[in-house]
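Here's a quick tour for anyone meeting this structure for the first time. Take a look at the sequence and the model, then read on.

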Amino acid sequence: MLLRNSLWNLSGSAVPMVVALATVPLLIHALGVEGFGIVTLVGSVIGYFGVLDVNLSAGAIKYLSEHHAAGDRTRFAETFWFGIMFYGLLGLVGALALFFGAQALIDHFFDVTPGMREATVEAFRIGALGFALSQAQNYLLVVPQALQRYDRSAQSEAFFGVLVNLASVAAALAGTGVTGVITARVAVAVTNLLYLIWLIRGFDLGLAPCWPRKEVRTLLTSFSAYAYLSKIASTLHQHADKLIVGAIAGPVALTFYTVPVTLAGRILGLTYRLSSVIYPRASALAGAGRINELRPVYLVVMRYVTYINIAALGAIVLAGDEFLRRWVGEAFVQNGYPVLVLMTVALLVDSLTNIPSLVNDALGHPRITGRFALANGVFGIATVYFGTLWGGIVGAASGHLLASLTLGLSFLVFVHGRTVPVTFGEALRTGFGRSLAIGAIVIAVLVPLKWLMPAGVASTVAIVCAAMLALTMAGLYFIVGVEERAAMLAFARRLRS
């Protein structure tokens with residue numbers, strides 16, 4: 001069940017990611033470097049307004065799941081409608097602020113050429129509606145996830161994730177400019193919202209409108225208040241760097257920064273989808289008093305996910321420059337490849353905290369996760385700001401890496417053996433530490449070969465294939481457990497027969 005849900009959850013992000021990466025060159029070609037940077041700015045500012053969200057969805061998944069398992073339809077409905085009312089109000093407030101503040105944002109914070117100012121203001125105002133729609137859309141996705149119907153939530157995310165990218169490209173190629181692209185994205189958001197309403201009605205949950213009792217409101221908000229700190233940090237992490245780079249270095253530099261950062265984030269972000277399904281599983285085990293069963297699951301998931309991430313890092317280091325050259329052009333290699341490598345390492349460090357954070361929250365300690373995440377976000381803003389002043393987009397990426405190393409490793413040391421029922425030493429020996437060590441050795445052996453081989457697609461494909469083969473063999477021997485290896489061999493024998 002856990003593996004199946006993980007794969008469904010992964011597909012909801014993987015398919016749109018591939019399409020998004022494929023459409024970036026088309027958007028840059030149609031909109032120009034500045035136009036693409038402006039579209040990125042609009043998305044970042046809209047995402048930044050998500051700081052208004054107190055992360056009620058985190059508590060909603062927990063309590064909707066519990067009430068559904070207990071057959072308590074009344075509390076399920078009250079929890080659902082409390083979330084709908086909250087996100088409806090949040091969407092309205094945020095949309096109004098974005099709409100009426102668009103001109104001031106452009107005048108005081110962003111260096112946009114005179115010919116693009118009017119279109120940028122209009123794009124922000126259209127995007128304000130998108131903010132309101134996204135709040136309702138993101139909350140409605142919580143319902144199938146709480147029911148562990150990741151098949152349905154992933155299908156929705158995959159389909160509309162692909163559609164929004166295709167619609168954006170169609171609008172850009174039609175010559176509608178940045179306003180047309182943002183309008184297309186809002187139109188897809190409307191369609192997605194209507195689909196989710198239809199999907200939830202099909203679950204027959206008895207969701208007649210009702211006013212939630214104080215008990216339900218208190219339970220949900222008290223849990224979400226601490227999770228809100230993680231939400232703030234996530235928002236800072238995802239959008240503040242782009243706002244800083246855009247404000248200091250301008251939209252052109254932002255494009256050269258955003259493209260490699262998006263590539264690294266999309267690739268390493270996939271494994272979060274694999275690991276996030278451990279959250280409801282850990283909550284269920286804790287509620288049933290079966291914490292001992294969590295320990296082996298935790299170590300196995302940490303080991304596998306970390307190894308997948310370091311394999312992705314190896315592929316990016318070995319092939320990133322050639323991929324950027326073929327994907328978006330030679331100009332992005334000189335400016336973007338160092339950013340790509342630095343951000344991939346930073347995101348690898350960040351990924352080490354994902355599973356401990358989920359387990360920590362599931363076991364009832366969200367304030368610890370929130371405080372560390374907030375500290376990471378605030379420290380990260382400072383390091384990215386001074387890094388951008390010092391070294392442009394490479395300095396910004398270096399600031400990200402410094403913040404990730406400092407706060408991420410501190411979090412791992414603190415929670416293991418305290419709120420996570422596995423010691424830090426054990427996690428190093430049989431969890432993420434083993435994966436990092438084995439993966440780093442393989443990559444360290446192969447990276448020098450990259451510089452000895454002639455540049456070109458054939459050499460890049462050869463070195464990446466050699467790396468993946470070496471990582472696979474090392475993974476089978478050192479990372480995969482004896483029982484899992486035996487099961488894989490048995491499955492292979494069945495296929496041959």
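## Around helix α13

Gly364 sits just after α13 and takes a positive phi of about 95°. Keep in mind that this is a predicted model, so that angle is a computed value.

The helix before that glycine, α13, spans residues 354–362 and is mostly covered, with 8 of its 9 residues buried. The buried ones are Ile355, Pro356, Ser357, Leu358, Val359, Asn360, Asp361 and Ala362.

## Two sides of helix α3

Helix α3 covers residues 73–109 and includes Phe99. With a relative accessibility of 37%, Phe99 counts as partly exposed because that value falls between the 20% limit for buried and the 50% limit for exposed. Phe99 also belongs to a nonpolar surface patch, together with Leu89, Leu92, Val93, Leu96 and Phe100. Between them, these residues offer about 620 Å² of accessible area.

Glu78 is in α3 too, but here the picture is a buried residue, at a relative accessible area of just 6%. What does Glu78 touch, leaving aside residues up to four places away in sequence? Its partners are Cys210, Trp211, Pro212, Arg213 and Val216.

## The whole chain

Zooming out, the chain has 18 helices and 0 strands. It runs to 497 residues, and 54% of them count as buried.

Take the contacts between residues at least 6 apart in sequence: 83% of them join residues at least 24 apart. As for the outside, the accessible surface comes to about 21700 Å², and 68% of that belongs to carbon and sulfur atoms.

Technical notes:
Residues are numbered from 1 along each chain as its sequence is written. This is a predicted model: local features need pLDDT of at least 70, side-chain atom pairs count only at pLDDT 80 or more; totals for chains, interfaces and linings use all residues. Side-chain values use heavy atoms; hydrogens and water are left out. Patches are made of residues with over 30% relative accessible area and no salt bridge: like charges are joined within 9 Å, nonpolar side chains (Val, Leu, Ile, Met, Phe, Trp, Tyr) within 5 Å. Accessible areas come from the Shrake-Rupley method with a 1.4 Å probe; for residues, only the protein chains shown count as cover. A salt bridge is a side-chain nitrogen of Lys or Arg within 4 Å of a carboxyl oxygen of Asp or Glu. Helices (H or I, at least four residues) and strands (E, at least two) are DSSP runs, numbered from the N terminus. Buried means under 20% relative accessible area, exposed over 50%, partly exposed in between (1.4 Å probe, protein chains only). Contact means heavy atoms within 4.5 Å.
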